[in-house]
Each structure stands twice: as structure tokens, then as C-alpha cells.
Amino acid sequence: MRPPRPGRFTAALLLLPLLSACFASGGDGSSGGSADGARLRVALAFPPAENFSPYGADATLLSRLGVTEGLTQLDANGTAAPALAASWKRENAKSWLFTLREAEFQDGTGVTPAAVAAALDHAAEADPVPAALSGITLTAEAAEGDQVRVTTAEADPALPLRLSSPGLAILSPKAYGKTVSPVGTATGPFELTKTTGTSTAALDRFDDYWGGRAQASGIDARFVADGTARANALRSGDVDIAEAVPVSQAASLDKGTVKDTATTRTTSLQLNTRSGAFKDAEVRAAARAAVDTSTLAKGVYEGYADPGEGVFGPAVTWAADQRVTPSGRAEPAAVKGTGITLATYDNRPDLPEVAQVLKQQLEKAGFEVRLVVREYSRLESDALAGKFDAFVGARNAMLDTGDAVSVLASDYTCDGSYNLSRLCDKAADRAVDRAEAAADTAARQRATMQAEAAVLATDAVVPLVHQRIITGVGTDVSGVLLDPYERTLVGTGTRR
């Protein structure tokens, strides 16, 4: 085992699986390579907002940079695949047994059942709890040999998917003190060594990574919120990889550097079903009929999006062939002079433009629309409280849990924790309950699409577009992980 290196900084952080070969890449994804390897220069769109909290949104930053991993990961088909766990089996309705692979933490200690169980228990006891464990009571314990037993209070057929979440990464026992620090305590191919506030971070290669030695010797990451600045940095050669390039900048980049990937992120129009004009199903139907999704895909997104088909888009590869046509929808009402308030946020620059186009389409149908645009943190509580008639937002359906059913349960059921449409429909709830109870993968997918159809039949949500993310990649760079789940970016085979 490699002894820990001195001089580590301390900050709070954590995260998820490295998908080093599961997704399309810019080149060979093998883990061999030169003895040293050039350092990669990466521009990321979102700076750390929570001091790299291990259980918050910042966790995804580390998974994208190859620092942290979980017991499982998602493969290209959205199925749970091995990561730190080499295999698993379900013992009974509430208990699963995971067999660990031979691996070590970046501090030189082994990835043992006791260490893994402690890491999962810390996540389960966190306040606030990671999104993947919302509504889930979980405990873990070391079992015989190299096994870990994970138990849930209620049956959870999707547990292997859930454990792929960025918020459930496994860190060594040294990580957990008054704060939780991933510095030298994670398991991925790159080790975080230095940060400068919220502007930069430096990472070095972890030579003892179980998946093979990374080809790049390290990563110099910049957090650049401005999309034009990220594109300019790629254009000038100051960075090798720029994530989330704005559509408006794509045409100005060399064609060979623009990589677009279908994602599981859907932009939708959520309609308030509990109060205001859209309490009436016929008025909701009128709004749905007024929306032209192809105009949004071709106009606002300039072709870097697919017209909305459902809650789950083409990046959820199994969904398209099993999609169910909604039945029993209300007929559109005459809505001339009906006043509504439409809200969205400007953290994603495309959303205000989407909302503006929607405003025009709805007004053409007879609605009188007042548009509200704020920063997301100043908007979410009002949206959840039903203070707007309609809300435009972008949601990555598979980011938190990897389980499509969990998204339907949280967003479109009576007890859902992120129910922006405030939907409470008995038929939709029953359909989601049936999907949650399905253990077989194929049966669960079929039930999920039936539940999606039940939700769409209410017209509580109008899927607008399924987004394609644009990644800028230098012409001398290969092996970039173009991940539809937006969880990974750099892996063992990423190099220049």
C-alpha cells in the first residue's frame, strides 16, 4: 500500500462512480499510456457552492473529475454496474449483500467492509440527507469476508441504482471528523490536492487506483460560470476541456472540438394543478395544445435538443420503445383573457429564452401571461408553495438515484418532495406505486412508462425539450467521458 502523502488541504466533500468505459469518448479509453502523461486543463461550469459538501450538489464536481466513486455506477443503458462492489445479490425484500473488489483509498488504507459500512451510515445520518436517500432509511454492516450488508426499512428493489448516486461515494474512515474531507480519502484515479477558493482546484494522479493508472498525470480545474468565457478559453487553447458550452457559442468553435451528447435532462413546463387557472384540467389541456416543442428545439436550442416526448427522453435508452400513449386527457378549453404567472430561473441562460417563447405561444392561444425570472435560490420555495401558475425548469431525471421511478414519485405524487405541479392524482399515484414495487428490471421499466403515461394524462407537466449537452474538447484530447447522466467527464483513458 502506498503511504499517505503530506501536505493535504482540508475541506468538506465526497462522491460517485467513475464510468471509465461505459460512455462514448473522444478516443481510446484504455488505462495504459506514457510514464508521466500531460496534465489536463478543464473548465467546469459550476463552482463549488457548499465548500465541497459531501452530501450536497458539489459532490458531482468530484465524480466528474474522477476523484470519488460509489459501490455501483450506471452503465450506458441506465443499469447498475460494478464499481467498488464487484457484485451483489438480494437476500430478501429489505436486505442486499455487496461483495467488494480489492481496492484501496488514496490514504493507503484498504477498502474494507467496515470502512464501506461506516461511509454509508455517515451518509444516512447526514443532515440534510443526500437526495438519493430522501424517504429511505438505510443501515449498513460488515458481513463475512469481503461483503457488506445493506438493509432498508422498506423494500427497495432499486437499491443498486440508488447506491450509484454522487452523494453516496465511499471515503476512508479518516474522512469523517468534525467535517467530512475527501482529501486523500477517496478511491478514484485522481486525488484532490489543492483548491483556491471557488476558482481553481488541482488534482494529481492516484497511482494505485484499482482500475489502472490514469494516462494523465493530473488535472488543473477552473470553475468558470460564464459560458462564453469557457468557450473562449477552449478556443484560445487555455483549456483542453470545457463543459456545458452554450448553444450560442457552439457555432464559433472549430467543428472538431464540439461534442454534443443526449442527456437525461428534460426541460418542462410544470402547471399548478392545485390553485389558479390550471386547477382546471381543460385549461391545462389548452396550455399543452398551445406549446410547439419543435420550435423550442430548433430555435432556442439551435438543434442541440430533441422535442419533448415525455418525462424521459432519448438518453434513457429503454424508454422510447416502451412509451405508452396517455389516455383520458381533457379537451382544451377556450382560454381567451385567462391570466397566468409563468416563472423560471436564470442560472441556466436558456430557460429565460424558453420562457419568453412560451409566453408568446400561450398568448397566441388566448392566455394573458406575466413572466417572472429570478435566480433559482430565490424562486424554488415560492414554486414549491404554488405561488406561480406555471414554472419552467430543467431536471436531470437520473442524476440523484439513477432510478426513473424515484423521479416520478418525488415530482408527481401526492407526497412527492419536489412536486412543482402540486399534482395529487389517484390514478398517477397507483401507477407509480406499481412501478416502485416491481423488482425485475424489465417489469420495472414497463411499469415506469405506464406511470409516465398516467402523469402525462393529467397535463400537470408539458415536456418541452430533451437537452443535449455540448462539451468543448481540444483536438489533441481523447478519452473524454461524454456521459448522458452528467456524472462523469474525466477518466483513466482521458489524455492529451
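Contact means that heavy atoms lie within 4.5 Å. The exercises below concern a predicted model.

**Exercise 1. Establish the surroundings of P160 and decide whether P160 is buried or exposed.**

Solution.
- Begin with the location: P160 belongs to helix α3, which spans residues 159–162.
- Next, list the contacts. Leaving aside residues up to four places away in sequence, P160 touches T72, A80, W88 and W96.
- Then apply the cut-off: a residue is buried under 20% relative accessible area. The relative accessibility of P160 is 6%, so P160 counts as buried.
- Finally, consider a residue remote in sequence. G402 is 242 residues from P160 along the chain, yet the C-alpha atoms of the two are separated by 9.2 Å.

**Exercise 2. Determine the order of the four strands in the open sheet and explain why β4 and β6 each have one side without a neighbour.**

Solution.
- Read the strands across the sheet: the order is β4-β5-β7-β6, with antiparallel pairing.
- Identify the edges. Strands β4 (85–92) and β6 (138–142) each have a single partner strand, and therefore one side of each lacks a neighbour in the sheet.
- Add the twist, which averages 20 degrees from one strand to the next.

**Exercise 3. Describe how β5 and β7 are joined, and state which strands helix α2 touches.**

Solution.
- Take the strand pair: β5 (residues 95–100) and β7 (residues 147–152) run antiparallel and are joined by five bridges.
- Locate one position in this pairing: Q147 in β7 is opposite T99.
- Turn to the helix. Helix α2 (residues 113–124) packs on the sheet and touches β5, β6 and β7. The direction of α2 makes about 165 degrees with that of β6.

Technical notes
Residues numbered from 1 in each chain as written. Predicted model: local features only at pLDDT ≥ 70, side-chain atom pairs only at ≥ 80, totals over all residues. Heavy atoms only, no water. Pairing = 2+ DSSP bridges. Helix = DSSP H or I, 4+ residues; strand = E, 2+ residues; numbered from the N terminus. Axes fitted to C-alpha atoms, helices over the stretch in contact; angles between N-to-C directions. Buried < 20%, exposed > 50% of the residue type's maximum accessible area, 1.4 Å probe, protein only.
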